[in-house]
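Thanks for asking me to take a look at this one. Here is the model, followed by my notes.

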Amino acid sequence: MEKILREILLKAVRSQESEVKSVEIETPREESFGDLSSPAAMALAKPLKKSPMKIAEEIISRMQDSGFGIQDIFEKVDIAGPGFINFTFKKSFLCGELKQLIKQKEAFLREDVGRGKRVQIEFVSANPTGPLHLGHGRGAALGAALANLLYEAGYKVEREYYINDAGRQVKLLGMSVLAKYKQLLGEDYPFPEDGYRGDYIEGIAKDFKEEKETPEPDVITDFAYQKMLDAIKKDLEDFGVSFDSWQSERELYRKGEVVQAIDDLKAKDYIYEKDGALWFKATGFGDDKDRVIVKQDGEYTYFAPDIAYHRKKVDKGFDEIIDIWGADHHGYIPRMQAVIQALGYPKENLKVLLVQMVTLLRGGKPVQMSKRAGEFITLREVIDEIGEDTTKFLFLTRRSDSHLEVDIEVAKTQSAENPVYYVQYAHARICSIFEKARQEAIGYRQGVKDLTDFNGELFNDEEMKIIKKLLLYPMIFKNAALAHEPHRITFYLQELAGMFHPYYHRHKVISDDMEITKARLALCEAIRIVLRHGLKILGVKAPEKM
RNA sequence: GCGCCUGUAGCUCAGUUGGAUAGAGCAACUGCCUUCUAAGCAGUGGGUCAGGGGUUCGAAUCCCUUCAGGCGCGCCA
């Protein structure tokens, strides 16, 4: 319903002020103000040098002549407060929309804002040197939900995981496992100073021993990181998060892409030598300082393969590249965007979404997260304790750039009261209504044709409110996609469930009155369609029974 | 010192990109299962939107400033 209003309003406004690009539409705080509302007249007051009230009147009168047949759409259009235009829709129009929703299902809910644009989302990308911890889980939940959201919004989405399998950290993992392995054989072998000390190191060392590989550093390093990567993949799989592409850092080296990328920048004169090192002129693109690519000792910095990696992303022809990083890497953004620009693209092509820190508590006490010290709360531990759906919901009921505090003990005790069940329960309840309807052989079961066959005049006020809420979903969905904010869907679903449960409690859907039953079944079906779609985006199951 | 993020109910967080009288969940208390699922429903209480100044028709939202917390500022990854 927002879509049609937007068309009508935009046309009316443009006929008055042709340069207007868009109009704002919002849901009024106060129900009595109408179903949707626009502050457009107030926004235009200044440029047009007229009073908002006058502009609002003109907009309304232009709407009458717009040829949209607005008398069939709106019950009421009025001006209120400092110049809001408030719109109240006709019941018959809303019921028509409801029928469309039921008929078209998800197609009715989506809006194609992506128009086939290709977007790559890179997320998690944790070093394969230890199990995923809860912070990675947050990135995983966000990345997966964002990918679903953009996919539903008409983008072609690729999900990628970047594997840091070439650097010092992986070697350190290998050395740690090697030391453990030697110790298992009873040898007195020194553990690397900064080595990884988690229990999993010993597990890998034991596996290595059993599989009787030759204990050479390279062999053991590869063995260890492969094991670790497998474990990460398993964690992600159990979290219900999947990837389309796994980009290995080593492969970038092996295929010579690192050298190529640097040569590229050299050719464009963005590389220079100083103090025996090779530098990238990041300051030319707004970064604070220039950045070293090759160190004095001839080794590449971490930045070098990252340049190659992002060049590769750009070369793949994505219209938009999204990196999801932990907020502790925020200082890295200007330098990466400098690279994008040096390669000849606008820096907007790379969007970095920062996921803020997850502070972990156990019974009120902060848990120091350190992979090397081996103390941290793993994603797996949390999934095992409270379930993947609850864990995802935990992350997706927050904006990604807000700091998040998770007390693992509290999370466990509260998981039974988690809002995720509230939403899922609404879905399950509707399913059992339909199950009962099926058992009582109510005629809806022939399918869609029958479900849209209802008399909308039978809906009471409470039902109309729910219908309006349902018809708002496409707007919420669209805005969530544009803002890259899946959490908006989460909150909407809670609100919708919060309307359904009381309704369910007050009214029997299936009754002796066949006409009312048909109308209510239609309403339930529509709610179910929306709940399913929203939950699908969040990556949360929509169970039929609970 | 510089930069980024955050500060909203006891706790955890939303707040439609500047809109109308500030919103949920949890926690607390009181009721409700012979019904399509009580993982539910009905009700009660709870606020200096960190403080101060500014911008304008209008600010939790934008700007300045102070305070508090977190995170960065390597030829580490």
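The points below cover the RNA surface and then two helix contacts.

1. A word on conventions first: this is a predicted model, in which local features need pLDDT of at least 70 and side-chain atom pairs count only at pLDDT 80 or more, while totals for chains, interfaces and linings use all residues. Residues are numbered from 1 along each chain as its sequence is written, chains are lettered from A and ligands numbered from 1 in the order in which they are written, and side-chain values use heavy atoms, with hydrogens and water left out.

2. RNA strand B is surrounded by 68 residues, and the closest are Arg29, Arg398, Tyr425, Ser432 and His507. A residue is near the strand if one of its heavy atoms lies within 4 Å of it. Of the strand's atoms within 4 Å of the protein, 64% belong to sugar or phosphate and the rest to bases.

3. By residue class, that surface holds 25 nonpolar, 22 polar and 21 charged residues. Here Ala, Val, Leu, Ile, Met, Phe, Trp, Tyr, Cys and Pro count as nonpolar, Asp, Glu, Lys and Arg as charged, and the others, Gly among them, as polar.

4. Which side chain has an N or O atom 2.5 Å from a base nitrogen of RNA strand B? That is His330. Gln356 places a polar side-chain atom 3.0 Å from a sugar or linking oxygen of the strand, and for Ile433 a backbone N or O atom lies 3.4 Å from a sugar or linking oxygen.

5. Several elements give two or more residues to the surface near RNA strand B, among them strand 3 (84–89), helix 7 (168–184) and helix 19 (461–483). Helix 17 (419–439) is also in that group, and helix 17 gives the most, with eight residues. Helices (H or I, at least four residues) and strands (E, at least two) are DSSP runs, numbered from the N terminus.

6. Helix 17 also meets helix 15 (residues 388–396): their axes come within 9 Å and cross at roughly 115°. Axes are lines fitted to C-alpha atoms, for helices over the stretch in contact, and angles run from 0 to 180 degrees between N-to-C directions. Helix 15 is therefore roughly perpendicular (65 to 115 degrees) to helix 17. In contact (heavy atoms within 4.5 Å) are Asp389, Thr390 and Phe393 of helix 15 with Pro419, Val420, Tyr421, Val423 and Gln424 of helix 17.

7. Helix 4 (residues 91–104) and helix 19 have axes that come within 10 Å and cross at roughly 55°. The contact includes Leu94 and Leu98 of helix 4 and Ile467 and Leu471 of helix 19. Its residues divide into seven nonpolar, no polar and three charged.

Definitions and conventions. A polar contact is a pair of N or O atoms within 3.5 Å; within protein, one must be able to donate a hydrogen and the other to accept it, and residues adjacent in sequence count only if both atoms are side-chain atoms. Angles under 35 degrees count as roughly parallel, over 145 as roughly antiparallel, 65 to 115 as roughly perpendicular and the rest as oblique.
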